[in-house]
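The report below goes through one structure, from single side chains to the arrangement of its sheet. Please keep the sequence and the coordinates open while reading.

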Amino acid sequence: MDSLMEIGQQLLAKQGFSNMMGTRLTRLTKGEVELELPMRPELRQQYGFAHGGVLSYLADNALTFAGGTAMLDVPIITSEFKINYLRPALGHQLVARARAVHTGRRQSVCQCEIFAVDDQGETLVAVAQGTIVVMGSSKES
């Protein structure tokens, strides 16, 4: 039987967009995740810091991993999320840490913090909150 981390690695490998971005899954336990993303020039906007879309992608993916592992063994999807950009994301890497704060049978509410990493350490650059829900049948859509 595969460990939760192995299952998470397999899921991330199936995400073409995450592969293109260079995202790495570095920690995964029930209801908690850590994703890392090395910064490259093409992920930065015109002022040299991470583009907001990059931070949003990372938050969405981290929230979904946290919520999905909290509910286990059900197909899930992000229902909604909100992000607050706190300061420019400068550095050589981004780290997203998310956790489920409340989980029921059909949804999990999760929070995420995103840090920019440079030679001096980590700086909190964004926070997000989202709702991860169990996917319904196509008839419910």
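Is Cys 112 buried or exposed? In this predicted model, Cys 112 has a relative accessibility of 2%, and because the limit for a buried residue is under 20%, Cys 112 counts as buried. Leaving aside neighbours within four places in sequence, Cys 112 is in contact with Ala 59, Ala 62, Leu 63, Ala 96, Arg 97, Ala 98, Ala 126, Val 127 and Ala 128. Cys 112 also belongs to the largest nonpolar core, which holds 35 residues, and is one of those that touch the most other members, together with Val 33, Leu 55, Leu 58, Leu 94 and Ile 114. At least two residues of this core are supplied by each of strand 1, strand 2, helix 3, strand 3, strand 4, strand 5 and strand 6, and helix 3 provides the largest share, with 10 residues.

**Cysteines**

Why is the sulfur of Cys 112 not bonded to that of Cys 110? The sulfur of Cys 110 is the closest cysteine sulfur to that of Cys 112, yet it lies 9.5 Å away, which is too far for a bond because a disulfide needs the two sulfur atoms within 2.5 Å. The count of disulfides accordingly comes to 0, and Cys 110 is in no disulfide. Cys 110 is itself buried, with a relative accessibility of 0%.

**The sheet and the helix across it**

Six strands form an open sheet in the order 1-2-4-5-6-3, and their pairing is antiparallel. Strand 1 (24-29) and strand 3 (76-85) stand at the edges with a single partner strand each, so one side of each is left without a neighbour in the sheet. Direction ignored, neighbouring strands of this sheet are turned by 20 degrees against each other on average.

Strand 5 (residues 107-118) and strand 6 (residues 121-134) pair in the antiparallel sense over 12 bridges, and the two form a hairpin with 2 residues between them. Strand 6 is also joined to strand 3, by 9 bridges and again in an antiparallel manner. Individual bridge partners in strand 6 include Glu 122 for Val 117 and Gln 129 for Lys 82, while Ser 108 stands opposite Ile 132 of strand 6.

Helix 3 (residues 52-71) lies across strand 1, strand 2, strand 3, strand 4 (93-103), strand 5 and strand 6, and runs at about 135 degrees to strand 3.

**Two buried polar residues**

Glu 34 is found in strand 2 (residues 32-38) and counts as buried, with a relative accessibility of 13%. Once neighbours within four places in sequence are left aside, the residues in contact with Glu 34 are Arg 24, Leu 25, Thr 26, Arg 27, Val 95, Ala 96 and Arg 97. With Thr 26 and with Arg 97 there are polar contacts between side chains, at 2.8 Å for the former and 2.7 Å for the latter. The C-alpha atoms of Glu 34 and Ala 62 are separated by 7.0 Å, although these residues are 28 residues apart along the chain.

Thr 23 is found in the loop between helix 2 (16-21) and strand 1, and this threonine is buried as well, with a relative accessible area of 9%. Beyond four places in sequence, Thr 23 is in contact with Leu 12, Ser 18, Leu 35, Glu 36, Leu 37, Tyr 57 and Leu 58, and with Tyr 57 there is a polar contact of 2.6 Å between the side chains.

The side-chain polar contacts described here are set side by side below.

| Side chain | Partner side chain | Polar contact |
|---|---|---|
| Glu 34 | Thr 26 | 2.8 Å |
| Glu 34 | Arg 97 | 2.7 Å |
| Thr 23 | Tyr 57 | 2.6 Å |

How values were computed: Residues are numbered from 1 along each chain as its sequence is written. This is a predicted model: local features need pLDDT of at least 70, side-chain atom pairs count only at pLDDT 80 or more; totals for chains, interfaces and linings use all residues. Side-chain values use heavy atoms; hydrogens and water are left out. Helices (H or I, at least four residues) and strands (E, at least two) are DSSP runs, numbered from the N terminus. Buried means under 20% relative accessible area, exposed over 50%, partly exposed in between (1.4 Å probe, protein chains only). A polar contact is a pair of N or O atoms within 3.5 Å; within protein, one must be able to donate a hydrogen and the other to accept it, and residues adjacent in sequence count only if both atoms are side-chain atoms. Contact means heavy atoms within 4.5 Å. Two strands pair if DSSP finds at least two bridges between them. Axes are lines fitted to C-alpha atoms, for helices over the stretch in contact, and angles run from 0 to 180 degrees between N-to-C directions. A nonpolar core is a set of buried Ala, Val, Leu, Ile, Met, Phe, Trp, Tyr and Cys residues joined through side-chain atoms within 4.5 Å.
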